[in-house]
Amino acid sequence: MSEFKHEYHDGVIIALTGGTINHNRIIRNLIYWLMNLCNNQTYEVFSSDLRVWIPEHKRGVYPDVMVITGDAIFNENRQDEIVNPCLIFEVLSPSTSSYDRGDKFLYYRSISYLKEYILVDQVNYFIEHYTKTENNQWLLQEYQDINDMIKLNSIDIDLKISDIYENISITK
């Protein structure tokens with residue numbers, strides 16, 4: 001067992017860095033609210049300790065938060081790597097925002113189960129919500145108002161922006 005978390009990128013092992021307090025608080029808030037709102041439904045919420053395998057790109061990555069519908073589908077019967085997230089959240093960091101918006105989103109788009117991808121800025125009240133259409137196109141909706149609600153169609157719930165940013169210090 002490794003002391004650090006690593007991602008697998010087509011034969012190359014990449015070490016991951018830790019997150020800030022805001023990063024961790026946002027993840028905690030997302031997990032708390034998603035679990036409460038998804039209670040008694042067929043959805044399950046996971047933190048960044050469970051890896052997603054992306055076969056088309058030979059990548060094993062750790063989303064900050066993800067949701068699956070129904071049972072987990074494991075990669076080659078591994079218990080630490082799934083292939084069927086329907087919703088993924090990434091909390092943006094200065095060191096990862098380009099990757100999360102670019103290559104990582106490209107990899108995620110190849111996951112047939114994925115219906116929504118949400119990027120949460122930890123420095124500003126700013127959320128990018130990508131939704132896959134029936135034609136496999138991705139539509140973007142941006143949120144900057146703390147009083148807005150996000151409609152998560154993949155799991156049929158509404159999530160308040162203020163709940164995502166609860167106890168987060170935003171300095172301008």
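In which sense do β6 and strand β8 (residues 85-92) pair, and over how many bridges? I opened the notebook with that one, keeping in mind that this is a predicted model. The pairing is antiparallel, and four bridges hold the register between β6 and β8. I picked out one rung of it: M66 has I88 as its bridge partner in β8.

**Entry: the other side of β6**

I then turned to β3, which runs antiparallel to β6 and is joined to it by five bridges. Here S47 is matched with V65 of β6. I also checked how covered β6 (residues 65-69) is, and found four of its five residues buried.

**Entry: the whole sheet**

Next I traced the strand order, which reads β3-β6-β8-β9-β10-β11. This is an open sheet of six strands, and its pairing is mixed. At the edges I noted β3 (43-47) and β11 (138-143), each of which pairs on one side only. Ignoring direction, neighbouring strands in this sheet are turned by 15° against each other on average. A reminder to myself: strands of a sheet pair through backbone hydrogen bonds, either parallel or antiparallel.

**Entry: β9 and β10**

I looked up β9 (residues 116-121) with β10 (residues 127-132) and counted five bridges in the antiparallel sense. Y117 finds its bridge partner in Y130 of β10.

While on β10, I stopped at T131, which sits in that strand. Its side chain makes a polar contact of 3.4 Å with the side chain of H129. Setting aside neighbours within four places in sequence, I listed K115, E116, Q137, W138 and L139 as the contacts of T131.

**Entry: the cores**

Which residues have the most contacts inside the largest nonpolar core? I wrote down L34, F89, I127, L152, I155, I164 and Y165, from a core of 28 residues. At least two residues each come from α1 (21-37), β3, β6, β8, β9, β12 (149-152), β13 (157-160) and α4 (161-164). The biggest giver is α1, with five residues.

I followed Y165 a little further. Leaving out neighbours within four places in sequence, Y165 touches I26, N29, V120, D121, N124, Y125, F126, I127, I146 and I170. I127 thus appears in my notes both as a contact of Y165 and among the residues with the most contacts inside the core.

Last, I found a second, separate core of 19 residues, including I54, F105, Y108 and W138. I was pleased to meet W138 again, having already listed it as a contact of T131.

Conventions: Residues numbered from 1 in each chain as written. Predicted model: local features only at pLDDT ≥ 70, side-chain atom pairs only at ≥ 80, totals over all residues. Heavy atoms only, no water. Pairing = 2+ DSSP bridges. Axes fitted to C-alpha atoms, helices over the stretch in contact; angles between N-to-C directions. Buried < 20%, exposed > 50% of the residue type's maximum accessible area, 1.4 Å probe, protein only. Polar contact = N/O pair within 3.5 Å; in protein donor to acceptor, adjacent residues only side chain to side chain. Contact = heavy atoms within 4.5 Å. Core = buried A, V, L, I, M, F, W, Y, C linked by side-chain atoms within 4.5 Å.
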